[in-house]
Amino acid sequence: MTIDENYNLIVVRPKSRKDIEEAAQTVRQYLKIAEDALYIDVLSILEFSLQALFNDDIIFSVPDEWFREEEAYYDTQKNVIFIRSDVYDKAASGDGRSRFTIMHEIAHYILFKLFGLPYTISLEDIKNISDATLKSMDPEWQANTFTGAFLCKNDIIETLEVEEIEEKCCVSQTAAFVAFCRSRSISYRDSDMEEFSNWSLKLLLQEGGGIFGGATA
Ligand SMILES: [Zn+2]
């Protein structure tokens, strides 16, 4: 979870995994992505399809200079997805992790549009919320869940091995592993997830401090 500068927790309205996965499939359909498409052109969505989704002026920017620690972020106030240039270039040359990073920011945009902007709750408030509910209110969990379901659609990967998911969906080995487990309803140990978790945690830490623009200020 992300904590803002006033030690409040940044949350969104609680959504179940099913809610998020259904939203991902609805967006795939809306974008006219073939039911059985394993490879999704993330940069094409970013460049050509995103504005039409909610008919607004969302843009993306790949600045020459980059002063932030994170690799990409969505600024809700400016309605701009900012991407570090090397991450954009790597995504363009098919790097799975960079593709996931960019889709994660697109997911933030889509989820905020569908379910509302983030807000903060105090650490005191958390005491009355169960762990499971709290997890379902984490914007990072929601964006990662959406991205996983969007890039690696359950019903078309359930017969594939991890390596095949990695190659055909063009995602990192870790994302492929998570998708493999999800499609077969296999629970995995946290230790198996170490790489993914570290990366995810790193994103969380990097995304504190007002990344959501005015929403958290
Ligand atoms: Zn994020």
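In strand E6, the residue that serves as bridge partner of Asn-8 is Ser-122, and this pair is a convenient place to enter the structure, which is a predicted model. The bridge belongs to a set of 4 that join strand E2, residues 8–11, to E6, and the two strands run antiparallel. On the other side of the story stands strand E1, which is joined to E2 by 2 bridges, again in an antiparallel arrangement; here Ile-3 has Leu-9 of E2 as its bridge partner. E1 and E2 together form a hairpin with 4 residues between them, and in the turn Tyr-7 has a positive phi of about 65°.

Taken together, these strands make an open sheet of 3 strands in the order E1-E2-E6, with antiparallel pairing. Strand E1 (2–3) and strand E6 (119–122) stand at its edges, and because each has a single partner strand, one side of each is left without a neighbour in the sheet. As background, the strands of a sheet pair through backbone hydrogen bonds, and they may do so in a parallel or an antiparallel way.

It helps to set this sheet within the whole chain. The protein chain contains 11 helices and 6 strands, and of its 217 residues, 35% count as buried. Among contacts between residues at least 6 apart in sequence, 68% join residues that are at least 24 apart. The pLDDT averages 87 over the chain, and 86% of the residues score at least 70. Over residues 197–217, however, the pLDDT is below 50, although this stretch has 37 contacts in the model beyond near neighbours in sequence.

A second sheet can now be followed in the same manner. It is an open sheet formed by 3 strands in the order E3-E5-E4, and its pairing is mixed. Strand E3 (59–61) and E4 stand at the edges, each with a single partner strand, so that one side of each is left without a neighbour in the sheet. From one strand to the next, the twist averages 20°. Strand E4, residues 72–75, and strand E5, residues 80–83, run antiparallel and are joined by 4 bridges. Ala-72 has Ile-83 of E5 as its bridge partner, while Asp-75 is partnered in E5 by Val-80. Helix H4 packs on this sheet, where it touches E4 and E5, and its direction makes about 15° with that of E4. E4 and E5 also form a hairpin with 4 residues between them, and Asn-79 in the turn has a positive phi of about 55°.

Helix H4 has a helical neighbour as well. The axes of helix H3 (residues 85–92) and H4 come within 7 Å and cross at roughly 115°, and the crossing in which H3 passes H4 is left-handed. On the side of H3 the contact is made by Val-87, Lys-90 and Ala-91, and on the side of H4 by Ser-98, Arg-99, Thr-101 and Ile-102.

From here the reader can turn to the interior. In soluble globular proteins, nonpolar side chains tend to be buried together. The largest nonpolar core of this model holds 41 residues, of which Phe-146 and Val-171 touch the most other members. Helix H4, residues 96–115, gives the most to this core, with 9 residues. If its neighbours within four places in sequence are left aside, Phe-146 is in contact with Ile-20, Ala-23, Ala-24, Ala-107, Ile-110 and Leu-111. Apart from this core lies another, of 5 residues, which include Ile-10, Val-11, Val-12 and Met-137.

A last residue to look at is Leu-50, which lies in helix H2, residues 42–54. Is Leu-50 buried or partly exposed? Since a residue needs 20 or more other C-beta atoms within 10 Å to count as buried, Leu-50, with 19 such atoms, is partly exposed. Leaving aside neighbours within four places in sequence, Leu-50 is in contact with Ile-45, Ile-58 and Ile-106. With the last of these there is a wide gap along the chain, for Leu-50 and Ile-106 are 56 residues apart in sequence, yet in space they are 8.3 Å apart, C-alpha to C-alpha.

How values were computed:
Residues are numbered from 1 along each chain as its sequence is written. This is a predicted model: local features need pLDDT of at least 70, side-chain atom pairs count only at pLDDT 80 or more; totals for chains, interfaces and linings use all residues. A nonpolar core is a set of buried Ala, Val, Leu, Ile, Met, Phe, Trp, Tyr and Cys residues joined through C-beta atoms within 7 Å. A residue is buried if 20 or more other C-beta atoms lie within 10 Å of its own, exposed if 12 or fewer, and partly exposed in between; C-beta atoms are placed from the backbone. Two residues are in contact if their C-beta atoms, placed from the backbone, lie within 7 Å. Two strands pair if DSSP finds at least two bridges between them. pLDDT is the predictor's confidence in each residue, from 0 to 100. Axes are lines fitted to C-alpha atoms, for helices over the stretch in contact, and angles run from 0 to 180 degrees between N-to-C directions. A crossing is left-handed if the near helix is turned anticlockwise from the far one by less than a right angle, and right-handed if clockwise.
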